[in-house]
Amino acid sequence: MENRILVKDAFKKKGKVDVAGWVHNTRDLNKIKFILLRDVSGIIQITGVKGKTPDKVFKDMSGITRESVIYVSGTIKDSKQAPGGKEINPDKIEIISKAEDLPIDVSDYSKTELPKRLDYRFLDLHRQKTQAIFKIQSEICNSFREFFYKKSFIEMQPPCIISSASEGGTDLFPVKYFEKDAYLAQSPQLYKQMVACSMGNTFMITPIWRAEKHNTTRHINEIRQMDIEIAFANQEIAMKEHEDVVKYIVGQVIKKCKDELKLLKVDLKIPKVKYLSYDETVKSLKMKYGEDLSPEDERKLSNKYPDTIVFVHSWPTKLKPFYIMPKGAKADAKLSEGFDAIYGGVEICSGGQRIHLPDLLEKMLKSKGLNPKNFKEYVDSFRYGAPHHAGWSLGLERLTEIICGLDNIREATMFPRDRDRLSP
Ligand code: AMO
């Protein structure tokens with residue numbers, strides 16, 4: 001078993017090969033038996049022929065249940081009828097783990113509903129379509145990191161337990177931290193600002209938690225956010241960075257995940273970009289001024305601008321968090337330096353320029369009904385040399401959902417945590 005190679009590599013070999021994986025399907029025609037063996041890289045046919053295949057091996061090829069794990073040693077040969085044009089004639093087959101009756105169908109034609117699939121997510125991860133989604137997600141994370149490493153951003157590790165709210169106080173999960181009350185982080189916001197103001201440009205992929213009670217196809221309660229914070233930057237620079245990284249990520253997925261996109265029947269294109277101010281968006285969608293975009297508004301925007309990241313910028317100060325810079329650094333400015341990015345009918349990102357001026361920050365905290373005393377350390381962090389800075393957060397699951405053409409965020413979350421689900 002030490003010589004085991006991946007199925008995709010077996011296709012390139014001649015002579016003896018060892019492979020191991022899951023039984024995708026079997027067919028028994030009496031004198032000839034087939035097993036389709038699957039691993040994460042592909043599927044290969046194992047063909048046993050009565051009289052040619054060793055008797056015991058031929059006998060063992062019967063009755064192996066689907067999804068059992070087997071090890072096969074044999075000779076790889078060209079075969080016109082076999083999928084991919086090759087098959088393995090086995091000398092040895094070892095059943096490593098026999099699968100019991102499957103509680104859900106894991107074939108590509110599975111009609112099992114999503115909630116049931118999620119109850120058995122460990123088994124759903126055997127499905128090729130599910131695997132395609134998470135291979136693409138892995139590429140999204142990889143290319144996000146690659147993009148910012150190349151630009152010399154520093155990857156940071158924010159804390160996941162915090163002592164006070166960073167996005168307003170409504171949606172925190174409390175945790176007991178020895179004698180103190182604490183919360184699961186709802187954003188790395190304050191920490192990434194501290195790093196940007198001391199070390200410079202930074203990025204991270206980090207879990208965050210939101211105790212929002214709504215149960216929709218676009219919300220989960222444990223989210224992976226891909227965040228950046230740029231020193232000496234404004235809203236425009238932050239949006240451009242977002243445009244560039246999403247184009248890069250999509251380009252890398254198109255280049256490296258061809259088979260996965262094909263399996264998911266997605267015709268992915270590098271997005272175009274449209275910049276609209278909040279005021280222009282209100283006019284264009286005939287919305288009521290002073291309100292957040294509804295899911296319906298977001299869908300309308302994406303229908304107007306298909307395959308496009310729409311940046312809605314310069315939001316009313318009232319609608320943005322306390323840390324977003326009001327225009328002109330004036331506490332009473334109606335508009336702010338904050339933006340949202342809409343792609344595929346969903347808000348995938350928000351961000352903007354931050355307030356790096358302690359007095360203004362205290363005023364904004366008060367205007368949002370928050371107590372500056374609870375943010376003392378954060379406000380103080382801007383007292384000892386802090387440049388202006390800007391950044392954003394891009395939801396990993398929402399981006400995966402859009403890239404993979406899915407209609408429920410849970411499909412794009414390996415082990416979703418939602419209002420009703422805490423396991424597996
Ligand atoms: P915001 O709260 O808009 O901004 O979150 C940023 C992005 O994170 C994702 N997201 C979610 N995805 C699924 N379910 C949820 N419940 C959920 N909540 C958030 C979305 C969203 O666009 N600190 C700011 C960002 C910043 O200014 O840097 C923040 O967290 O994709």
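This is a guided tour of a predicted model, beginning at the ligand and moving outward to a helix and two backbone features.

Select the ligand first, together with its surroundings: 23 residues make up the shell around it, and the closest are Glu167, Gln189, Lys192, Glu347 and Ser350. If you colour that shell by residue class, you will find seven nonpolar, eight polar and eight charged residues. Switching on a pocket display at this point is useful for orientation, since the space that the ligand takes up is the largest pocket.

Next, show the polar contacts of the ligand one at a time. An oxygen atom of the ligand lies 2.8 Å from a polar backbone atom of Ile348, and an oxygen atom of the ligand is also found 3.1 Å from an N or O atom in the side chain of Gln225. For a contact to a nitrogen atom of the ligand, select Arg398, which places a polar side-chain atom 3.5 Å away. With a surface drawn over the protein, note that 93% of the 630 Å² of accessible area that the ligand has on its own is covered by the protein.

Now change to a cartoon and ask which elements supply at least two residues each of the shell around the ligand. These include the helix α6 (189-196) and the strands β11 (222-231), β15 (346-353) and β16 (389-395). Of the shell, the largest share, five residues, comes from β15.

Leave the ligand and select residues 235-256, which form helix α7; its 22 residues reach 31 Å from the first C-alpha to the last, close to the 32 Å expected at 1.5 Å a residue. At the start of α7, zoom in on Asn234, where a side-chain oxygen comes within 3.2 Å of the backbone nitrogen of Glu236.

Two backbone features complete the tour. Most residues other than glycine have a negative phi, and most peptide bonds are trans. Select Glu67, in the loop between α2 (55-60) and β4 (69-78), and read its phi, which is positive, near 75°. Finally, go to the segment after α13 (396-403), where Pro424 is found; the peptide bond from Ser423 to Pro424 is cis, with omega near -5°.

Definitions and conventions:
Residues numbered from 1 in each chain as written. Predicted model: local features only at pLDDT ≥ 70, side-chain atom pairs only at ≥ 80, totals over all residues. Heavy atoms only, no water. Near = heavy atom within 4 Å. Polar contact = N/O pair within 3.5 Å; in protein donor to acceptor, adjacent residues only side chain to side chain. Areas by Shrake-Rupley, 256 points an atom, 1.4 Å probe, with all protein chains shown as cover. 1 Å grid on protein atoms, 1.4 Å probe; cavity = no way out; pocket = protein on both sides within 12 Å on 5 of 7 lines; lining within 4 Å. Sits in = over half its atoms within 2 Å of the grid points. Helix = DSSP H or I, 4+ residues; strand = E, 2+ residues; numbered from the N terminus. Nonpolar A, V, L, I, M, F, W, Y, C, P; charged D, E, K, R; others polar. Expected span 1.5 Å × (residues − 1).
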